[in-house]
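Work through the exercises below with the sequence and the model open. Each task is followed by a solution in steps.

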Amino acid sequence: MGAPLRIGVDFDNTIVCYDQVFHRVALEQGLIPPTVPVSKGSVRDHLREAGNEDAWTAMQGYVYGVRMLDAPAFPGAIDFFRRAVRAGVRVHIVSHKTRYPYLGPKYDLHQAALDWLEKNGFFDSADVGLTRRQVYLELHKHEKLGRIGALSCTHFIDDLPELLAEPSFPRQVERYLFDPKDEYPAVTAFRRVRSWDTLEKELLVA
């Protein structure tokens with residue numbers, strides 16, 4: 001038998017999908033025309049091309065703080081956690097997230113993330129069944145990488161290829177790139193998947 005599975009999962013843009021909420025907020029604030037596609041990246045690119053980088057930075061703080069509960073999970077993400085917990089698989093959420101926004105009011109972004117997890121049943125023993133001790137919101141990237149190693153993760157799932165390619169990424173961990181929009185077709189250094197259904201079939205189905 002192999003080593004027991006210990007799966008680490010990133011939070012933002014891996015579990016939580018922000019496309020709709022960023023687009024909605026940008027429209028509410030009059031920062032984009034309705035013709036901008038409904039995606040976080042499209043909103044970001046429009047604002048940057050318009051020379052509105054500060055508006056984009058402030059919007060991130062607002063969305064990750066005040067509007068966090070408006071963001072849905074990616075399809076299948078919560079079911080993946082439910083199945084993992086019920087199968088006895090040790091699963092952790094490990095995120096690199098600042099405590100407060102770089103611009104604008106000092107929303108507590110860590111508390112907003114925990115509130116999102118609470119609302120979506122992650123801490124409910126009758127639903128997903130994680131404990132808060134299985135959630136790590138690290139202030140710095142190197143702390144996130146260190147945490148992945150300290151948890152002895154066998155697998156880690158993240159949406160950023162540059163994070164997975166970090167020289168200090170723990171070598172023993174099998175890395176999965178979550179790429180639902182097929183943005184990184186050239187990436188071959190680690191397993192690239194486009195859905196949580198695929199992840200569930202590959203990691204949790206015997």
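## Exercise 1: Helix α3

Task: Compare the end-to-end distance of helix α3 with the span that its 13 residues should give.

Solution. The model is a predicted one. Helix α3 covers residues 53–65, and at 1.5 Å a residue its 13 residues should span 18 Å. The expected span is 1.5 Å times one less than the number of residues, so the last residue adds no further step. The C-alpha atoms at the two ends are 19 Å apart, which agrees.

Task: Which residues of α3 are buried, and against which helices do the buried residues pack?

Solution. Take as buried any residue with under 20% relative accessible area. The buried residues of α3 are then Ala55, Trp56, Thr57, Met59, Gly61, Val63, Tyr64 and Gly65. These buried residues pack against α1 (19–28), α2 (40–49) and α5.

## Exercise 2: The largest pocket

Task: Describe the largest pocket by its volume, its lining residues and the elements that supply them.

Solution. Start with the volume: the largest pocket holds about 1100 Å³ of space. Next, the lining: 39 residues line this pocket, and the closest to its centre are Asn13, Lys40, Tyr64, Asp159 and Leu160. Then assign the lining to elements: α2, α3, β2 (90–96), α6 and α7 (161–164) each supply at least two residues. The most comes from α3, with five residues. Tyr64, one of the residues closest to the pocket centre, is also among the buried residues of α3.

Task: Where does Asn13 lie, and what is the sign of its phi?

Solution. Asn13 is in the loop between β1 (6–9) and α1. Its phi is positive, about 70°, although Asn13 is not a glycine. For background, most residues other than glycine have a negative phi. A further case is Asp182, a residue other than glycine whose phi is positive and near 55°. Asp182 lies in the loop between β5 (174–178) and β6 (191–193). With 32% relative accessibility, Asp182 counts as partly exposed.

## Exercise 3: Lys97 and His110

Task: Place Lys97 and His110 in the fold, and decide whether Lys97 and His110 are buried or exposed.

Solution. Lys97 belongs to the loop between β2 and α5. His110 is part of helix α5 (residues 109–119). The relative accessible area of Lys97 is 4%, so Lys97 is buried. For His110 the value is 8%, so His110 is buried.

Task: How far apart are Lys97 and His110 in sequence and in space, and what does Lys97 touch?

Solution. Lys97 and His110 are 13 residues apart in sequence, and their C-alpha atoms are 7.3 Å apart. Leaving out neighbours within four places in sequence, Lys97 is in contact with Phe11, Asp12, Leu109, His110, Ala113, Glu138 and Leu139. By the same rule, His110 touches Lys97, Thr98, Arg99, Leu137 and Leu139. Leu139 therefore appears in both contact lists, where contact means heavy atoms within 4.5 Å.

Task: Over which rings do Lys97 and Lys106 lie?

Solution. Lys97 lies over the face of Tyr64, 4.9 Å from the ring centre. The charged end of Lys106 sits over the ring of Tyr100, 4.4 Å from its centre.

## Exercise 4: Aromatic pairs of Phe81

Task: Classify the ring pairs that Phe81 makes with Phe122 and Trp196.

Solution. A search of the whole structure finds 14 aromatic pairs. Phe81 and Phe122 form one that is edge-to-face, with 5.2 Å between centres and 70° between planes. Phe81 lies in helix α4 (residues 77–86) and Phe122 in the loop between α5 and β3 (135–138), so this pair ties together parts 41 residues apart in sequence. Phe81 and Phe122 are both buried.

For Phe81 and Trp196, the ring centres are 6.3 Å apart and the planes are at 40°, so the pair is tilted. The pair links Phe81 in helix α4 to Trp196 in helix α8 (residues 196–203), 115 residues apart. Phe81 and Trp196 are both buried.

Task: Which residues make up the cluster linked by ring pairs?

Solution. The cluster contains Phe11, Phe74, Phe80, Phe81, Trp116, Phe122, Phe178 and Trp196. One of its members, Phe11, is in contact with Lys97.

Methods:
Residues are numbered from 1 along each chain as its sequence is written. This is a predicted model: local features need pLDDT of at least 70, side-chain atom pairs count only at pLDDT 80 or more; totals for chains, interfaces and linings use all residues. Side-chain values use heavy atoms; hydrogens and water are left out. Helices (H or I, at least four residues) and strands (E, at least two) are DSSP runs, numbered from the N terminus. Buried means under 20% relative accessible area, exposed over 50%, partly exposed in between (1.4 Å probe, protein chains only). Rings of Phe, Tyr and Trp (its six-membered ring) pair if their centres lie within 6.5 Å; planes under 30 degrees apart count as stacked, over 60 as edge-to-face and the rest as tilted. A charge sits over a ring if NZ of Lys or CZ of Arg is within 6 Å of the ring centre and within 35 degrees of the ring normal. On a 1 Å grid over the protein atoms alone, a cavity is a set of points where a 1.4 Å probe fits but cannot get out, and a pocket is an open set with protein on both sides within 12 Å along at least five of seven lines; lining residues have an atom within 4 Å of a point. Grid points are joined across faces, edges and corners, and a volume is the space filled by probe spheres set on the points.
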